[in-house]
Amino acid sequence: MISTIGSRPDGSGVDRVKQVENVCSPSGLLSRSKNFEYRPQQQQMAVAVARALEMKEHLVVEAGTGVGKSLAYLVPAILFAATNKRKAVVSTHTINLQEQLVEKDLPVLVKILPVKFHFAMLKGRQNYLCTRRLHKAMQQADSLFTSPEVEELRRIYDWSKQTNDGSLSDFDLEPDPKVWSQVCSERGICSPKICGYASEFGKQNGICFFQRARNRILSAEVLVLNHTLFFTLLGGLEEVVDGGILFKNDFVIFDEAHIVENVAARHIGLSLSSGQVRYALHRLWNPKTTKGLLAALRLGPGVKLAADLLDETDRFFARLEEACDEIAQKAQGQSPEPTRGSRGRAPSRSGPRTWTELRVRHPEIVPDNVTLPIQRLREAVSDLVRASDDKDTGQELLECNRRLAELSEGVAMFLSQSAKDHVYWVERAGRTQKNLVLNAAPVDVADFLRHRLFGSHTSVVMTSATLATSSVAKTADRRPRTTDADKAPAGLQYFARRVGADVAALLQVGSPFDYERQMKLFVVKKMPDPREADYDDALTHWIEHFVKMTHGKAFVLFTNFRLMQQISLRVQPVFDRLGIACFVQGTGIPRSTMLERFKEDLNSVLFGTDSFWQGVDVPGEALSNVIITRLPFAVPDHPLIEARIEAIEARGGNSFTEFSLPEAILKFRQGVGRLIRGKTDTGIVVVLDNRVLTKRYGQAFLDALPKCPMEVT
């Protein structure tokens, strides 16, 4: 049942809502598409989206697996946008879903819907080649690049004469990021006024690749982009867009909305790494290669300032790294290791450290170590811009100065903790874990989203297969609507609060799949507590038992990386004897490669942690068994999680019931949701955590699952 707020649509709006209902009916226009199957849940969602758009309301809708939710929001979005001269902005989390929308769903709707519309993929501008910058880089190649980089530049040049869209996705093998950064479109360098560049580069009749893409974006009724780019663009807007959110007269649909809170937190706040700083400075001057813009200008004073700043920032991040290691070692009861010359050693696996903790214990890390040298370098670069007769070089220097200003502001903001209600921490990142990152994020993103999204005079729709803390068939507890006596799904209230969607209508539509026939749940009652000595033995036994039952074809999902590695070594001999291949996350095989191998080998098992609980689609027999080793309660060892818990406790709330439990239930539903991906899929779900039976809150996990047979072992 949908909660509605405000007046009903006018006559034309009623007609469009009815039109959407007809399009999604058994004999409607959608029935003309290949492999169409009428699903009442899809039709219900489509009508709800249409009504929300007509009334300029917001909607949060959970649509179970198999509903066909992409068509359920695209049909009303297209009809509304085309007839009202509006722009539909569709944001997703995964590349796979973006490709599905632009390569499959939207082309189908172009053919069958009774309106004309255009769609485009919205990519970050740095995905596109700037032919003007490429021309300049070719002229200055000897000063900007090393010999291997010059060869890479020539490869990009050859590609530029063949490519159709001039974006990274058009490469067979993506170019070196260092070289690409010197020739891609950038905000301060590539603009309509200065990039109407006609030459032998590209085929754009005087318009660069990004500017051509920009024209398509501005004229399209439907735009598809990812959450990261959406919140990057939103955070860069200095004021609210008139009648829209990113564009004038737009409305926004978030698919895979369950991840919106975390993505928004990362991009509303600050993330500044040692690698970013070094990269920005090397663009001006790299002491090791003696290349860079300053080398092209042959200017000594700027070179010295850039080199000095590189040394100072290296020392700054080295002190931070040493401080983090010292605190981690003391927390583990170890003696601090010698820190001199320690940057080359393998990094410890210490967790993130809050800046408050570092600042108290290491007051010698102060702002002037970095911010003042940056300011001196910026002043020198400004002098170069004023003295330069080369307009293109001047634009490059201005862009470098803009980035230096952002870095200076970021460091100063981090060290001063000037942003209100943010948590600050330091952590390692990157493949080698040698990149130190300064982070700041709002403890609660709801206020920001409430203002910038749900406070707008346009519609925001959020949807995913998993948003509620209870199954659609088990939402007996309901709350009154804002304006009348109807009820809305209580299970969606937690998500709505977290993302600031207090005024949104709530809708929960179930899956068309027959879970009572397709899925069976096993719960092992006799599992010991993880603190007991025989826990690892019991876990090994039951994993082997249930993997044998399906002869592989299993995901084994863990909440602890180290435990996963230990158990995988224990079960390996048994799996080898059975001829079952075992893929283990974190053993050097890329995640995507491991997943493809698992799909191809029907007699295999995959051990995974966090990233395999969600966003993984393995339809058919290849995945017939999902084993949940432990209920996925988040360990409060990350500063952001700690801060969220502390905020709840500080206002007198219960952090377990208000945060930890609903978060665990949502992740539990995500994990179980990996199993049934189609109407012919069958399989088992195994829970190796008896708390679902022995703890008072355990029933909440069981209630969150679709109704299916259960066996307690």
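What share of the contacts in the chain between residues at least 6 apart in sequence join residues at least 24 apart? I looked this up before anything else, and the figure is 75%.

**Entry 1: the chain as a whole**

I note at the outset that this is a predicted model, so I checked the confidence before reading any detail. The mean pLDDT of the chain is 86, and 88% of the residues reach 70 or more. Two stretches I set aside: residues 334-350, where pLDDT stays under 50 and the model has 27 contacts beyond four places in sequence, and residues 474-486, where pLDDT is below 50 as well and the model shows 25 contacts beyond near neighbours in sequence. I counted 27 helices and 20 strands in the chain, and of its 713 residues 53% count as buried.

**Entry 2: strands β2 and β5**

I turned next to strand β5, residues 250-254, where five of the five residues are buried. D250, V252 and F254 point one way from β5, while F251 and I253 point the other way, and I found buried residues on both faces.

Which strands pair with β5? Strand β2, residues 87-92, pairs with β5 in the parallel sense over five bridges, and strand β10, residues 460-464, runs parallel to β5 and is joined to it by three bridges. To fix the register I wrote down that A88 has F251 as its bridge partner in β5, that V90 stands opposite I253, and that V252 stands opposite V460 in β10.

Strand β2 has six of its six residues buried, so it is largely enclosed by the rest of the structure. From β2, K87, V89 and S91 point one way and A88, V90 and T92 the other, all of them buried; I marked K87 in particular, as a lysine in this buried set. Strand β2 also pairs with β4, residues 222-226, in the parallel sense over five bridges, and there V89 stands opposite L223.

**Entry 3: helix α9 and the largest cavity**

In helix α9, residues 209-219, I found F209, F210, Q211, A213 and I217 buried. What covers these buried residues of α9 includes strands β2 and β4 together with helices α5 and α7, the latter spanning 147-160.

Helix α5 came up again when I searched for enclosed space. The whole structure holds seven cavities of 30 Å³ or more, and the largest has about 60 Å³ of space. Which residues line the largest cavity? They are R133, K136, A137, Q140, L144, Q182, L293 and E396, and helix α5, residues 131-139, gives the most to this lining, with three residues.

**Entry 4: the sheet of seven strands**

I then followed an open sheet of seven strands, which has the order β16-β17-β15-β18-β19-β14-β20 and parallel pairing. Why is one side of β16 and one side of β20 left without a neighbour in the sheet? Strands β16 (581-584) and β20 (710-712) stand at the edges, and each has a single partner strand. Neighbouring strands of this sheet are turned by 15° against each other on average, direction ignored.

Within the sheet I looked at β18, residues 625-628, and β19, residues 683-687, which pair in the parallel sense over four bridges, with V626 opposite V685. Helix α21, residues 535-550, lies across β14 (519-523), β15 (554-557), β17 (604-608), β18 and β19, and runs at about 170° to β18. Helix α22, residues 561-578, packs on the sheet as well, touching β16 and β17, and its direction makes about 170° with that of β17.

**Entry 5: D689**

Is D689 buried or exposed? The computed relative accessibility is 0%, and buried means under 20%, so D689 counts as buried. I placed D689 in the loop between β19 and α26, residues 691-694. Leaving out residues up to four places away in sequence, D689 touches T629, R630 and L631. I also noted that P530, 159 residues from D689 along the chain, has its C-alpha atom 9.6 Å from that of D689.

Definitions and conventions. Residues are numbered from 1 along each chain as its sequence is written. This is a predicted model: local features need pLDDT of at least 70, side-chain atom pairs count only at pLDDT 80 or more; totals for chains, interfaces and linings use all residues. Side-chain values use heavy atoms; hydrogens and water are left out. pLDDT is the predictor's confidence in each residue, from 0 to 100. Contact means heavy atoms within 4.5 Å. Buried means under 20% relative accessible area, exposed over 50%, partly exposed in between (1.4 Å probe, protein chains only). Helices (H or I, at least four residues) and strands (E, at least two) are DSSP runs, numbered from the N terminus. Two strands pair if DSSP finds at least two bridges between them. Axes are lines fitted to C-alpha atoms, for helices over the stretch in contact, and angles run from 0 to 180 degrees between N-to-C directions. On a 1 Å grid over the protein atoms alone, a cavity is a set of points where a 1.4 Å probe fits but cannot get out, and a pocket is an open set with protein on both sides within 12 Å along at least five of seven lines; lining residues have an atom within 4 Å of a point. Grid points are joined across faces, edges and corners, and a volume is the space filled by probe spheres set on the points.
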